[in-house]
Amino acid sequence: MTDLVIGADGLARCAWGASTPDYAVYHDTEWGRPLRGDDALYERMTLEAFQSGLSWLTILRKRPAFRLAFDEFHIPTVARYDDADVTRLLADAGIVRNRAKIEAAIANARAALELPEGLSTLLWSFAPEQRPARPASFAELAPITPESTAMAKALKKRGFRFVGPTTAYALMQATGMVDDHIVGCHVTL
């Protein structure tokens, strides 16, 4: 498989974005587009953590259930979750039922509330200078960068969990902090 493919609709896409209809919609409308806002970035950070060890497609398909289960990822609401909420979430078949990830999501909401500058400002402070050109292939991209390593370290220092350098870089890609669409991809940012 090449890194760029022409879909049935005639549009050139990053290959992963053409592999399923769900991915095509996500690729075309969300992935790599700049996203700001504390709750919006908290949602993406949480979903990236839940994705660890799983397919992103699994998380993408469960996202409506995650949004319902986690009160639309409203940080102050999730920060108030208690043991009863953990039990409720562990019983919710619509989401990934992993105690460590659920508890991390709650801890991360609490940590986000403690950020004087807010989560969005903190995360975007690690966005690198945009490269002069998009990558020609995914082989040019590393799963960990100095910026994602620094982001993960800063988050852990502030009490966040499940936010290693690889997860941080995936978050940077998903939220437009970096543009990792392949040269020739129809998506413009």
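Let's start with a pair of helices: helix 2 passes helix 9 in a right-handed crossing. Keep in mind as you look around that this is a predicted model. Two packed helices are described by the angle between their axes and the distance between those axes. For helix 2 and helix 9, the angle is about 135° and the axes lie 10 Å apart. That angle is neither over 145 degrees nor within 65 to 115, so helix 2 counts as oblique to helix 9.

Which residues of helix 2 and helix 9 meet? On the helix 2 side you'll find Leu41, Arg44, Met45, Glu48 and Ala49, and across from them sit Thr167, Ala170, Leu171 and Ala174 of helix 9. Sorted by class, this contact has six nonpolar residues, one polar and two charged.

Both of these helices turn up again at the largest pocket. Its volume is about 360 Å³. There are 14 residues lining this pocket, and the closest to its centre are Trp16, Trp31, Trp56, Ala170 and Gln173. You've already met Ala170, as one of the helix 9 residues in the contact with helix 2. Where does the lining come from? Helix 1 (21–29), helix 2 (38–51) and helix 9 (165–174) each supply at least two of its residues, and helix 9 gives the largest share, with three. As for the kinds of residue, eleven of the lining are nonpolar, two are polar and one is charged.

Helix 1 is worth following a bit further, since it also packs on helix 3 (residues 56–69). The two have an angle of about 80° between them, with axes 10 Å apart. Angles of 65 to 115 degrees count as roughly perpendicular, so that is the description that fits helix 1 and helix 3. Asp22, Tyr23 and Tyr26 of helix 1 meet Trp56, Leu57, Leu60 and Arg61 of helix 3. Trp56 is a familiar name here, being among the residues closest to the centre of the largest pocket. In this helix 1 and helix 3 contact, five residues are nonpolar, none are polar and two are charged.

Now move along the chain to helix 5 (residues 83–90) and helix 6 (residues 99–113), which pack at about 135° with their axes 10 Å apart. These two helices are therefore oblique to each other, and helix 5 passes helix 6 in a right-handed crossing. Val86, Leu89 and Leu90 make the contact from helix 5, while helix 6 brings Arg99, Ile102, Glu103 and Ile106. The tally for this contact is five nonpolar residues, no polar ones and two charged.

Last stop: a single residue in a loop. Alanine 136 is found between helix 7 (119–124) and helix 8 (146–157). What does alanine 136 touch, leaving aside residues up to four places away in sequence? Its contacts are Ile182 and Val183. To place this alanine relative to the pocket residue tryptophan 16, compare sequence with space: alanine 136 and tryptophan 16 are 120 residues apart along the sequence, and 15 Å apart in space from C-alpha to C-alpha.

Conventions: Residues numbered from 1 in each chain as written. Predicted model: local features only at pLDDT ≥ 70, side-chain atom pairs only at ≥ 80, totals over all residues. Heavy atoms only, no water. 1 Å grid on protein atoms, 1.4 Å probe; cavity = no way out; pocket = protein on both sides within 12 Å on 5 of 7 lines; lining within 4 Å. Points joined across faces, edges and corners; volume = space filled by probe spheres on them. Helix = DSSP H or I, 4+ residues; strand = E, 2+ residues; numbered from the N terminus. Nonpolar A, V, L, I, M, F, W, Y, C, P; charged D, E, K, R; others polar. Axes fitted to C-alpha atoms, helices over the stretch in contact; angles between N-to-C directions. Parallel < 35°, antiparallel > 145°, perpendicular 65-115°, else oblique. Left-handed = near helix turned anticlockwise from the far one by under 90°. Contact = heavy atoms within 4.5 Å.
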